[in-house]
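Q: I would like a close look at one part of this structure, the largest nonpolar core, and then at what lies around and apart from it. Please go through it carefully.

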Amino acid sequence: MGYLELLLRPSELRAITQYKTWHQPLHARDPTTESPNRVRCYELLELTSRSFSAVIQELQPELREPVMLFYLVLRGLDTIEDDMTIPMEKKEPLLREFDGILEKKGWTFTENGPNEKDRQLLVEFDVVIEEFLAIKPNYQEVIKDITSKMGNGMADYAKNASHNINGVQTVEDYDLYCHYVAGLVGEGLSRLFGTSGIEDPRYADLTDLSNSMGLFLQKTNIIRDFREDLDDKRRFWPKEIWSKYCADLSEFADPANEAAALNCISEMTLDALRHATDCLLYLSGLRDQSVFNFCAIPQVMAISTLALVFRNRDVFHRNVKIRKGQACAMIMKAKNLRSVCDIFLDYTREIHRKNTPSDPNFLAISIACGKIEQWTETVFPSQKRLMLQKAEDARKRANELEAAGRNPDGGVSDATRMAIFVILFWVGVTVLMTGVATLFGARFDLAFKRIWEMKWPSAEELAANAEKVGKVVGSATETITRTATVVSETTVVREL
Amino acid sequence: MSTKKYNFNSALVIGGCGFLGGHIVSHILDSDPSISISVMDLRIPNTPPHPSVAYHAGDITSLDDMTRIIQSTRPDVIIHTASPVHGMGRDIYFKVNVEGTRTICRAAKAEGVKAMVFTSSAGVVFDGDDLINVDESAPIPVVAMDAYNDSKAEAEKLALGANCDEFRVCAIRPAGLFGEGDRQLIPGMLSVLANGQTHFQLGDNLNLFDFTYILNAAHAHLLAANQILSPDPSIVSTVAGEAFFITNASPIYFWDFPRTLWSHLSHVSSRHLILPRSLAVVLAGAAECWSWIVGKEPGFTRFRVKFSCANRYYNIGKARRVLGYEPIVGLEEGIRRSLAWVDEEKAKEGK
C-alpha cells in the first residue's frame, strides 16, 4: 500500500530517496565519546520517539543533552500520568513530587502496567537521573521547574473526575489543558535556548509565543487523534465547540451527521489556526540553524496536518497522517524562515480551497488564512519587489529612449535599411516563385481573369450574415458582461 | 471640561446625508451626544433623521455657500466626505472633488476653522497592479487608473497641502466600504444572486481583498478628528498632514466575501465556472471591441477583470499607532447588519 502510493507520487519518492541518501546532520553525535549512561539515554530516547530523537540529536552539542534529558523526564512523567493501572493515591504524589525525584540517585519505577508502552524508561530511570545531575545547574533548574508545573497540572487533571468523565468543557479549559501538556514544554525549551546563550536570552521570557508553539502542535494532534482518543474513551475536543454540532462526540462517526461533523472539525481547525502567526513570529527570531530546524520541523508538520484534517471525513473513522514523502520534503525544505513561510502559505491555501460557504465558519476561516498571508507579506513584502521591478522597468525604458534619441539618424537608418531589405526580399521571393511556377505550366493569366469576373455577395447578404454573427457574439458577451459588470462594479466602491 | 470625552465641541459633516457621512453623524451622536453637529449636503431630506442636528443645503463648489454655512455653524472641525457617486464623468469628479475641496479649504481658513478630516480613498494608490499589504509609503501613481481615483488623489494632495498650524488637515483612506445605506457593493452582489450568476468566478480566488464595514470607517474619522485637535502638540504633529489607510484588518480572498453574503441568504453554489485571468482579459477585450462597434458603454472591461483578480489589501499599522484605530465591528457582523438593513428597506418599499 505504501509503495503503491509512492509510485503514484514520484516527486515524493524522490524526496524520500534524497533524504535517506543526502541528508547530513548539522551536528552529528558521536556515541564513541559518550559515557555508557549517556549512550543508554539516547537509546531510551530512540525507543520513546524515533522522530524526535532524530531532531534532538542534530542539535548543537551545548543544547543536545539538556533537551534530550528534558524530553525523557517529561516522557517519564507522562508515562506515570497515562497509566490507568496505577491507583490515584499512588499516582498523585508521584506526579507532584517528580521534580524532587530527579535528585534521587538510583530511583526507578517498576509498577507500570505491563502494556504501558514506555515503561522501560522508568525501569531504568536511574540512568536518566545520573545524566540529569551531570548537566549545568541552570539547565537543571529549568527542567525541574517545568516538571513541577506539569506534574501539578497533570495531578489536578487526574483528580478532576468531571474532566475524566466529560472531557474538556470550554475553549478556555482547552487552552489551559494544552498549556499544561504542551505549552509548558515550549516554555521550557525556550528557557533552555535562552539560558544557553545560543539564542537571544529574551527567548526565556517569551512565554506567550512559546506557549503558542506548544498549543499549535497539541491542538493539531488532538484534532487528528479524534478516533483514537474516542476509542480510548478520552475526550479532548471542547464541549463548547462540539455541542453546537451534536449531542455527543460519538455521533460524528455516523454518516448521517457528516455535515455537522465537518463543520465542527472546521471550527476546531479555526481555533488552532489562530496560533499560526505566533509560531512564525517565534521562529523569525531564532539564530542557530539546529535550533531553528528543531523548532520549525514540528510546526510545518502541524500546518500540513491541519490542512489534511480540515473538513476531512476520514478523521472520524481512522487515524489520518501526512505521507512520508511529504514529511521528508518538508524536513529538507524547512531550513529558513522564508521556506517555512512558503510551506505555511501552501497549506493555508489548501485549507482555503477546501473551505465552503455552507460551513458556518467559512468567513472566519478565510480571515484566519488572510492573517497568515498578511503576516508573511509583512516579513517578506512582495509589494516592494513589485515596486522595485517597476522602477527598474521605467529606468530601462528611459535609457532606451535616450539611446534612440542619441542616434536618431543611425536609428532611423537602421530601421529603414531593415524595412527595405525585408520588402526587397519578399518581392524577390514572389517573383522567383511566380517565375518557377510559370515555367512549370501555371496559368496565372486564367486565374486572374476568373477572379476578376467572380460575382461578389450583395450588400443585403453581407448585412444578414453580419447580423447573425453579431447576435451570437452579443449574447455570449452579454452573459459574461452582466456577471462581471455587477460583481466588479460593486467592488469599485465610492464614498457618497 | 475634564469630563470631556473628545477634543472638539462642534463638527460640520460635509456630505452628511450620504452613505459614509450619515454613519459619521450617527457615530458621533452615539459616542458623545453633547457634541454639536451640523450637516451640509447638496440636498437635504424633507424629514431630517436627527432632530438635534442642523441641516444645511449648499454647493461645496460655491465659496459663498461655504462661507455662509461655516459662519452660521462655527465648527471646531470639518469632516469632508462629499464625493460624487460612481458613474459620473471626469468633469463632475474633478469639479466636486478637486474644486469643491479647494473651496472648502479656502472658506475654512478664512473663517478660522481649526481642523479638517478629509475622506480620501484607498484607491488613490491603485494603478492597475496588485496592492499587497501596502502602507502609506506607497506612491500615488503618475498615471491614475481611472478618473475617479485621479480626482480623489488630486483632492487629497490639495487638502493635505492646505495643512498648517492654524488649519490642521488629515486624510482617511477607507478601502472597500460596505454596510447599511450601501447602494453599490451589497446590492450589486445581491443582484448577481438574483440573476443566478453566483457560479462564475474570475481568477483563482487567491487574491486578498480588504473590505471595511462602514461603522469602522466612521469610527476612524472620529478618532482622527479627536487626535488632530489634541492639546498635546506631539500627538497633533503625528496626525496633521498625514493620510491613513483604514480597513477591517481582516483581508480575505476576494470571492469569499460575496459567497459569505449569499450563504447568509441560504444560497451556496455547488460548482464554480472559473475563468482564468488571462482568458477573462481576452474576453473582456473582445467585449470592449463589441461595445465600441455598437456604440455602447462597456460593462465587462479589462479593468474590471484586473480589479477582481488583483490583490488589494493594506497595512493599517500607522492608523493603529497614531489614531489608536481598531475595527469595532467584524466582517461577519458587518455582513449580518447590512443584510438586516436590506430587509428593512424591502419592507419599507413593500409598505
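A: What follows starts with the core and its residues, then turns to a loop residue and to the other chain.

This is a predicted model, in which local features need pLDDT of at least 70 and side-chain atom pairs count only at pLDDT 80 or more, while totals for chains, interfaces and linings use all residues. Residues are numbered from 1 along each chain as its sequence is written, chains are lettered from A and ligands numbered from 1 in the order in which they are written, and side-chain values use heavy atoms, with hydrogens and water left out.

The largest nonpolar core (a set of buried Ala, Val, Leu, Ile, Met, Phe, Trp, Tyr and Cys residues joined through side-chain atoms within 4.5 Å; buried means under 20% relative accessible area, exposed over 50% and partly exposed in between, with a 1.4 Å probe and protein chains only) has 120 residues, and those that touch the most other members are Phe98(A), Phe125(A), Trp237(A) and Phe252(A). Helix H18 of chain A, residues 289-309, gives this core its largest share, 13 residues (helices, H or I of at least four residues, and strands, E of at least two, are DSSP runs numbered from the N terminus). Domain 1 (19-159) and domain 2 (203-380) of chain A each supply at least three residues to this core, the domain bounds coming from an automatic or database domain assignment.

Leaving out residues up to four places away in sequence, Trp237(A) touches, among others, Phe226(A), Trp242(A), Phe252(A), Met268(A) and Phe316(A), where contact means heavy atoms within 4.5 Å. Apart from this core lies another, of 88 residues, which include Tyr6(B), Leu177(B), Phe209(B) and Val322(B).

In chain A, Leu26(A) sits in the loop between helix H2 (10-22) and helix H3 (36-48), and Leu26(A) counts as partly exposed because its relative accessibility is 40%. Beyond its neighbours within four places in sequence, Leu26(A) is in contact with Glu58(A), Gln289(A), Ser290(A) and Asn293(A). The C-alpha atoms of Leu26(A) and Gln289(A) are 8.1 Å apart, although 263 residues separate the two along the chain.

Chain B, for its part, contains 12 helices and 15 strands, and 58% of its 351 residues count as buried. Among contacts in chain B with a separation of 6 or more, 80% join residues 24 or more positions apart.
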